[in-house]
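Please keep the sequence and the model open side by side while reading, since the paragraphs below move back and forth between the two.

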Amino acid sequence: MIKYLLISFSFNNHLRKKIWKRIATQLKYNVPLILIFENLREQYKKNNILYSIFSDAYNEYSKAEKLSKSLGKYIPYDEMLLIESCESNGKLDEGFLLAERIIEAKDNIKNSLKSALTYPIFLFFLLIIMLLVVAFMLIPAFTEVNDPSKWQGFAKILYYVSIFISSIYGLLFGIFFAFAISMMFFSFPNYTGKYRTFLDKIPPYSIYRMLVGSTWLFTFSSLMKAGKQQNDILKDMAESDINTPYLRSRVQIILDNFIGKNLGEALILSETGFPDEELIRDLNTYSNLPEFEQKLYEISEDWIKYGEQKLNENAKVFQNICLMFIALILISIGLAYTQIMQAF
């Protein structure tokens, strides 16, 4: 476990993207791969982990082993599949370029997710802090100068809210709420039961489906571009322990309906809405057209951008809801203060 974390930290996305691009460029200009790894091993000899990775790749490749066999221990499964497929088809430089592109696509999604959710999450915690301040500081201070039994309207509402939050019931509600949020996040990649298709139609599950679906489609199209057969790609994805239970279940359903069908038809017959209802209809149209492989790759690139746009739109809705509640609390405090002063 510690070794895995050290490898993930040292041989991270940023470094792999840089190295894959560098290897692809050198292969393009006919630099022998054995020499490339020898140079990388020399360059990173002061970093024990990277030196070990490139030494392993150098030693295995010098024994005429497949490159994917040695690198597969250190890189994500989808990158390994791309390199392996292109290596088998004699297009190794393209494999490294596709691996670099898939890292970039995942990083774009992660950055969009972080960017879209940072401010709404800040507002959500600000809302919770404001409620706690009202319950434990503001309302108790008001009750010391005025009898709450005389309060009316907003003052009365805030008083009861304060009583609830500061009581054992408020604590239990807070624990239940935190537990429910934790379980929801746990269920995103793990729950595959009969209600999952329904949940995938509503936020935040629909957002998760769209993000996972866009990454899956890009990986799928990249593997097709690398020369791997569609049926083999689906089998590998469905059987991979590295993929989440959710993704494996979606892919397995597609695979079950893929016999004698094209990709679009299999997605329709799956009836899961994965990766997206609108996209499924488009893919069904494109599946029988010439050069579907290239079209699918371009569609997947566009779909990642669309996913980022939809994520920002949903985050903005959540942000506006938080702002609305914060404004409501501030207005309520102002009105409550006025009513309390009038009660003197």
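What follows is a walk through a predicted model, from its nonpolar cores to its helices and then to its loops.

A sensible place to begin is the interior. The largest nonpolar core has 77 residues, and the residues with the most contacts inside this core are Phe-11, Trp-20, Ile-23, Phe-37, Phe-96 and Trp-216. Helix α11, which covers residues 205-225, supplies the largest share of this core, with 12 residues. A second core, separate from that one, consists of 16 residues, among them Met-130, Ile-139, Ala-155 and Leu-158.

Trp-20 shows what one of these well-connected positions looks like in detail. Leaving aside residues up to four places away in sequence, Trp-20 touches Phe-11, Leu-71, Ile-75, Ile-83, Phe-96, Ala-99 and Ile-103, and also the two glutamates Glu-79 and Glu-100. Two of these partners, Phe-11 and Phe-96, are themselves listed with Trp-20 for having the most contacts inside the largest core.

Helix α11 also leads to a helix pair that can be followed residue by residue. Two packed helices are described by the angle between their axes and the distance between the axes. For α11 and helix α13, which runs over residues 245-256, the angle is about 65° and the axes lie 11 Å apart, and the crossing is right-handed. On the α11 side the contact is made by Tyr-208, Arg-209, Val-212 and Trp-216, while α13 contributes Tyr-246, Leu-247, Val-251 and Ile-254. Trp-216 thus appears in this contact and also among the residues with the most contacts inside the largest core.

Helix α13 itself has 12 residues, which at 1.5 Å a residue should span 16 Å, and the end C-alpha atoms are indeed 16 Å apart, so the expected and actual spans agree. Its buried residues are Tyr-246, Leu-247, Ser-249, Arg-250, Val-251, Ile-254 and Leu-255, a list that takes in Ser-249 and Arg-250 as well as nonpolar side chains. The elements that cover these buried residues include α11 together with α9 (168-190), α10 (196-199), α12 (230-239) and α14 (263-270).

Helix α4, at residues 48-62, can be read in a similar way. Its 15 residues reach 21 Å from the first C-alpha to the last, close to the 21 Å expected at 1.5 Å a residue. At the start of α4, a side-chain oxygen of Asn-47 comes to within 3.1 Å of the backbone nitrogen of Ile-49. Further along, the buried residues of α4 are Leu-50, Ile-53, Phe-54, Ser-55, Asp-56, Ala-57, Tyr-58 and Glu-60.

The loops hold several backbone features that deserve a careful look. The peptide bond from Pro-203 to Pro-204 is cis, with omega near 0°, and Pro-204 is placed in the loop between α10 and α11. Another cis peptide bond joins Phe-274 and Pro-275, with omega about 5°, and Pro-275 belongs to the loop between α14 and α15. That loop between α14 and α15 also contains Glu-271, whose phi is near 55°, a positive value in a residue other than glycine; because its relative accessibility is 66%, Glu-271 counts as exposed. Asn-30, in the loop between α2 and α3, likewise has a positive phi, of about 65°, although it is not a glycine, and at 69% relative accessibility Asn-30 counts as exposed.

Finally, Gln-342 lies in helix α16, residues 292-342, and counts as exposed because its relative accessibility is 62%. Gln-342 and Leu-67 are separated by 275 residues in sequence and, C-alpha to C-alpha, by 80 Å in space.

Terms used
Residues numbered from 1 in each chain as written. Predicted model: local features only at pLDDT ≥ 70, side-chain atom pairs only at ≥ 80, totals over all residues. Heavy atoms only, no water. Helix = DSSP H or I, 4+ residues; strand = E, 2+ residues; numbered from the N terminus. Expected span 1.5 Å × (residues − 1). Buried < 20%, exposed > 50% of the residue type's maximum accessible area, 1.4 Å probe, protein only. Polar contact = N/O pair within 3.5 Å; in protein donor to acceptor, adjacent residues only side chain to side chain. Core = buried A, V, L, I, M, F, W, Y, C linked by side-chain atoms within 4.5 Å. Contact = heavy atoms within 4.5 Å. Axes fitted to C-alpha atoms, helices over the stretch in contact; angles between N-to-C directions. Left-handed = near helix turned anticlockwise from the far one by under 90°.
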